[in-house]
Amino acid sequence: MITAIQPSLIVELGTHWGEAYFTFCQAVEEQSLSCLCYAVDHWQGDEHAGLYGEEVFDEVNDYNTRYYRQFSYLLRRSFDDALPQFADDSIDLLHIDGLHTYEAVSRDFRAWLPKVKEGGIILLHDISPRHDDFGVWRLWDEIKSEFGDTFEFHHSWGLGVVAKGRIGRNSALTEILFDGSSSARENLRRHYVIYASHLENILGRFPLAAGRPAPANTVPDIRVQVFPYAGHGYSEESCQIRPLRPGVWETLTFDFRIPIGLGPLRIDPGSEPALVEIGDVLIHHGNSEDPTWECRASSKERKLSAAGTSRLPFSDTSSFLVSFGDDPQIIVAVPPELSSPAKVTISLRIVPASKQAIALFESFTSQLTHGINRLEQQLKLQTEQHEQQVASLQQDVAAKTGQLTAVRYALDETQQKLRVAEDILYGVQHSLSWRVTAPLRKLMALIRSGPRQSR
Ligand SMILES: C[S@@+](CC[C@H](N)C(=O)[O-])C[C@H]1O[C@@H](n2cnc3c(N)ncnc32)[C@H](O)[C@@H]1O
């Protein structure tokens, strides 16, 4: 909704822990909108939310100061007391979520309606429950008959969306909400039901991430900065900053309105010594869900480089970086064809460590790397020697094979000659002249053998 209407002023009546309110703030932050946000609550609770103590305001205030202090203000007073602080026709988005009796919510709605701009949006929480004295549903029935542009989400406790007057149809969302076919509207409801249950699923597993402010004494978040290359280098004016919880995998989104492909993207993972794991880096253009460019941690080809006071200790993976603090930098080469405004999402985990631990790790990994390099060199040398031996053996074998072939030829030739001689001999032995001269040969043999020995 924030993307669709690009508000300049958002007001919430009834904030409690700020689950809805900080969602608005986060959207404003992510889209770098020039928008002020006000949360109005006396932070005492009521009959439906229950009464609560100071700790709620303290934590909400802490969280607000920590993340959104540039544009978000907490007005700790009653709705009636806050009313004169807003000019008529000034609010773009009003979220009403105070006490849910018919009387209270009708009063809030009627009193604050003049403060909303023509074409502004009012969100009414809890339009579904009809038990006890919950009465938002009654007011919602009246609103539906009084206003032309309304839409209702039914899941959970229900949310009513009403436009004051005619809203500009300049976004796909408002188009569907107020002019869509019944099937388009139903699909939209389903879409939100799916996302809501997905969120509930995640929050069920990670209760602290439920938007409820973290206790004040937890480790402070790490500031992750992303700099697009600005033609002449990197400048603080064009960088974007997101908080990251230490030790937790998170996906951060940076929406750049300026071209990002003019040179490599620079990521500064905080300024304290830490071990940094870098997951996928994705770039999206427009509203497409598919990235236009991706640099996945699983890709063997991916090459990130480290600059400033950081180092990629392992040459075979660029997903792990050691930051020595001060000014660590990760450099991601982005193809020049992406030189247009885009959204960059980066998954990463930063585990802070003491300087000593990092120094120890560094010396350990560099020893390991030296050891590995030495082994690689030895292995290379041995492989070369083996290859030389194999080559010389192959030469020997080739020479011996040549000799063997020559011997075979000679043998063949001799055998052929022998066969010819045998043929001749056979011919002679079976000739007539041989047979006729046989007695003569016998006589000659007798003569050659000499006189017989007498007994
Ligand atoms: C249902 S809770 C708000 C829930 C919140 N919007 C959220 O997203 O979790 C209602 C809050 O309205 C506050 N409240 C009720 N009536 C009020 C009034 N007249 N003036 C100021 N605060 C009021 C209560 O203190 C309570 O914190």
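Two residues are in contact here if their C-beta atoms, placed from the backbone, lie within 7 Å. The structure on display is a predicted model.

**Helix α2**

Begin by selecting residues 19-30, the twelve residues of helix α2. At 1.5 Å a residue, this helix should span 16 Å, and its end C-alpha atoms are 17 Å apart, which agrees.

Next, colour Y21, F22, F24, C25, V28 and E29, the buried residues of α2. Viewed along the axis, these residues cover an arc of only 150°, which puts them on the same side of α2. An α-helix has 3.6 residues a turn, so residues three or four places apart point the same way.

**What lies over the buried side**

Which elements cover the buried residues of α2? Add α1 (2-5), β1 (9-13), β2 (36-41), α3 (54-68) and β5 (72-76) to the selection; the cover includes these helices and strands.

Then move to S32, just after α2, where the backbone takes a positive phi of about 50°.

**The sheet**

Now display the strands. Seven of them form an open sheet of mixed pairing, in the order β5-β2-β1-β6-β7-β9-β8. At the edges stand β5 and β8 (150-153), each of which pairs on one side only. From one strand to the next, the twist averages 15°.

Finally, select strand β7 (residues 116-125) together with strand β9 (residues 159-163). The two run antiparallel and are joined by five bridges. To inspect one position at close range, centre the view on H125, which stands opposite L159 in β9.

Note on methods:
Residues numbered from 1 in each chain as written. Predicted model: local features only at pLDDT ≥ 70, side-chain atom pairs only at ≥ 80, totals over all residues. Helix = DSSP H or I, 4+ residues; strand = E, 2+ residues; numbered from the N terminus. Expected span 1.5 Å × (residues − 1). Buried ≥ 20, exposed ≤ 12 C-beta atoms within 10 Å, placed from the backbone. Arc of directions from axis to C-beta. Pairing = 2+ DSSP bridges. Axes fitted to C-alpha atoms, helices over the stretch in contact; angles between N-to-C directions.
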